[in-house]
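Visitor: I am new to this structure and would be grateful for a close look at a single part of it. Please also set that part in its surroundings.

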Amino acid sequence: MSVRDRRLPLLTAGLLAALTTAACSSADAGSGAASGGGESADTVAVAATDDACDVASSELPAGTHSFAVTNSGDQVTEFYVYAEGDRVMGEVENIAPGLTRELLVELPAGSYQTACKPGMDGDGIRGDLTVTGEARSLSEDETLARASAEYQRYVQSQTGALLEQTTAFVDAVEAGDVEGAKALYPVARTYWERIEPVAEVFGDLDPLIDGREGDQAEGEDLTGFHRIEQALWVGGTTEGMTPYADQLLTDVQQIVELADDTTLDPLQLANGAKALLDEIATGKITGEEDRYSHTDLWDFAANLEGSEAAVQALRPHLEETDPDLVAEIDERFAATEAELGQYRTEGGWTLHDQLTEDQLRGLSDSVTALSESVSQVAAAVAHE
Amino acid sequence: MTEPTADQPAAPQRPGLSRRRLFGALGAGTAGVLAAGTAGGVVGRATADGPAGGAHASGAAPTDAVPFHGEHQAGIVTPAQDRLHFVALDVTTDSREDLVALLQDWTAAARRMTAGQDAGEVGAVDGDRYAPPDDTGEAIGLPPSGLTLTVGFGPTLFTTADGRDRFGLAVRRPAPLVELPSFPGDQIDPAISGGDLCIQACANDPQVAVHAVRNLVRIGAGVVSVRWSQLGFGRTSSTSNGQATPRNLFGFKDGTANLKAENGSTLDRFVWVGDDDADWLRGGSYLVTRRIRMLIEPWDSSSLDEQQRTIGRTKGTGAPLGQRAEFDPVDFTTRVDGEFAIPETSHVFLAHPTNAGTAILRRGYSFVDGSDGLGRLDAGLFFIAFQRDPGTGFVQVQRNLRRDALNEYVRHTSSAVFACPPGVRDPADWWGRALLSG
């Protein structure tokens, strides 16, 4: 991540407070408008295995529903509820074999798909889900408010995993487990890189967590993920890293708290979606982000998913105002994912230093094209 | 045609309508501008169609516009401008529809930019504040500067290197459009050679040329990928009798005996594709590029006599050896002290139409791409030639240069060939229409 450039405009404390307040009210307005009903008391059981994804009900009334996902397979799995265009309505990740995890998601009337992803890979095992109830068309303001609320839900679905995986990473570092820490490093970063637009709002924490060597002012120490990355890959050691690991966890805990309560406005979502693609172009394709571990494609994939989540939150609005743009963006996200998909390996991604110039060019071309399209989103949501 | 030369620096006598002035004038709606038309495009065209334009017009200032529409593409016999930005691109989609849309979008943007306007309809600073501008802005306030944009289609557009006919064009590939053969001494780097498409941008202001390529490449996102590009900073050929012969980086005048815009029937014979080739290409031309690295340091430390005998002309006036003035006839029978004045291994002897048996229109540019890892100047000539058929044009000339003494001082490091379609006729026409709409 770039530390001092291209950050979303920093918010003053007062503005931030106002934003957060507005966030709560708009989220409330969103759920009230859409559901037409209150909390749903029932729990929908999901039986997930390595080759099945049985959702107890394929028809639900509009409202908030709880999915209890039990993983009886051998692989770690994920569960998603998708709206049209694979817009994530809710997701729960890292469900280890034998565990049950719960997903609370608000579903307005419409057609959805459920998906289990054993191995946390690919399109998943899909099923149709129809939600019935009073469907009324939303005003443009309501659509945009729902976009913000929806993206906030996405952020909240990521912060839990971010905290969990960062804790595991920090534990491995403090236990002196170099190989374990190396394996966890790109995984923890995935959740961080997905929600960068919101993380970057908190300008002072961002460089502490994700600053790169050379970004610091004179006298400032390199801290965070990349400090530990350097020790693990260059030094092959965790020696002296405990204070940095402790600080990283404290900083991540703080940003998770702040992020959970922050709602980005639609313009910030649009700009955040573009900023994530810029991150890919300037940091990941160049190999600058993870210069010691070369795990840049993990971050690439995470940035791409985060960007798509932000765009998809705005999708209902864009479909009204600029359907051609939506079609182009869909096509180009798919093209970039296909390009990136070539470098998926067992449990991860090809290391950056093993990619050829031609392969990097292919990735770069697809991101450049996608970026041109996503750059048109801000103006499309700014016009009320 | 007054071109700035060392002896005759040309002041911008009659600057064209600048971008900023154009938009300012439109905003103000002054009577003079309105008289020319009500839309930006019309105003731009008025500028371009004025007495300034045209390969054969006299008195054009270096800042003026060159007409975009015509029987032939501009940038071929147009008096060679001072600056070049050449780019070769690969098409990354298999969609013919996307390719057609791109060529149409490119044509519209080129029409505007060659008239001194912004790349997009809205402009660099007049758009939505939340949207990226549809022009990148670095040419704001700059005149058209003689900008020409010339497009060509490479052999791989018709059939890919692995034999795929992506766009249903294989049957329409003109027979002469094949990859160039390799020549003795070639050190061709495939990474900076070939390409499905090319754009040659020439202008008298480097920023105008770079602006044009940058904006066209941006428009092409998702459809094309830049394969390689080359900047050139000084023309090395005259393509018109009105131009003084420039010097290349060897310090010699280059292009004295070039084909010139004024040689109408000769151009038809050697440059323009006639009715014996693909229909869609009639009025077009084949473009060959070669990046020729000059081995500057050994050249600089060779004697004046060696340099002159290598080229076959005097370094001062450019006269053929044994003659007095630049344009004195090249006489290969003249002897000095019993030996031929122009050595049989000299570049002029072997390349001259008399001995090569053919002629090509050269339009190359000097380049300096910094220095190499050993501190030597990475410099030379980005050779560009237009011809009616590469086989009887560049290939024939280059084969004749096998014994050229100059080979000791040059290395060809990139190579490409493109078929440039005929000119865009009118505002409804677009680059490649005859090829792709049939």
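Guide: What follows describes one helix, then its chain, and finally the partner chain. The model is predicted: local features need pLDDT of at least 70 and side-chain atom pairs count only at pLDDT 80 or more, while totals for chains, interfaces and linings use all residues. Residues are numbered from 1 along each chain as its sequence is written, and chains are lettered from A and ligands numbered from 1 in the order in which they are written.

The part chosen is helix α12 of chain A, residues 357–374. Helices (H or I, at least four residues) and strands (E, at least two) are DSSP runs numbered from the N terminus. Helix α12 of chain A has 18 residues, and 25 Å separate its first C-alpha from its last. That is close to the 26 Å expected at 1.5 Å a residue, where the expected span is 1.5 Å times one less than the number of residues.

A residue is called buried if 20 or more other C-beta atoms lie within 10 Å of its own, exposed if 12 or fewer, and partly exposed in between, with C-beta atoms placed from the backbone. The buried residues of α12(A) include A:L363, A:D365, A:V367, A:L370 and A:V374. Among the elements covering the buried residues of α12(A) are α8 (266–284), α9 (296–313), α11 (323–341) and α13 (377–382) of chain A, and also β4 (224–232) of chain B.

UniProt, in an unreviewed entry, places "domain: Imelysin-like" at residues 147–376 of chain A; its positions follow the numbering used here, feature names are shortened, and annotations may be inferred rather than shown by experiment. The span 147–376 is 72% helix and 2% strand, and its end C-alpha atoms lie 17 Å apart.

Two loop residues of chain A may be set beside the helix. A:D51 lies between β1 (39–48) and β2 (53–55), and A:D51 is exposed because 10 other C-beta atoms lie within 10 Å. A:E84 sits between β5 (77–83) and β6 (87–95), and A:E84 is partly exposed because 13 other C-beta atoms lie within 10 Å.

Chain B, which supplies the covering strand β4, has 13 helices and twelve strands. Of its 438 residues, 49% count as buried. Two residues are in contact if their C-beta atoms, placed from the backbone, lie within 7 Å; among contacts in chain B between residues at least 6 apart in sequence, 73% join residues at least 24 apart.
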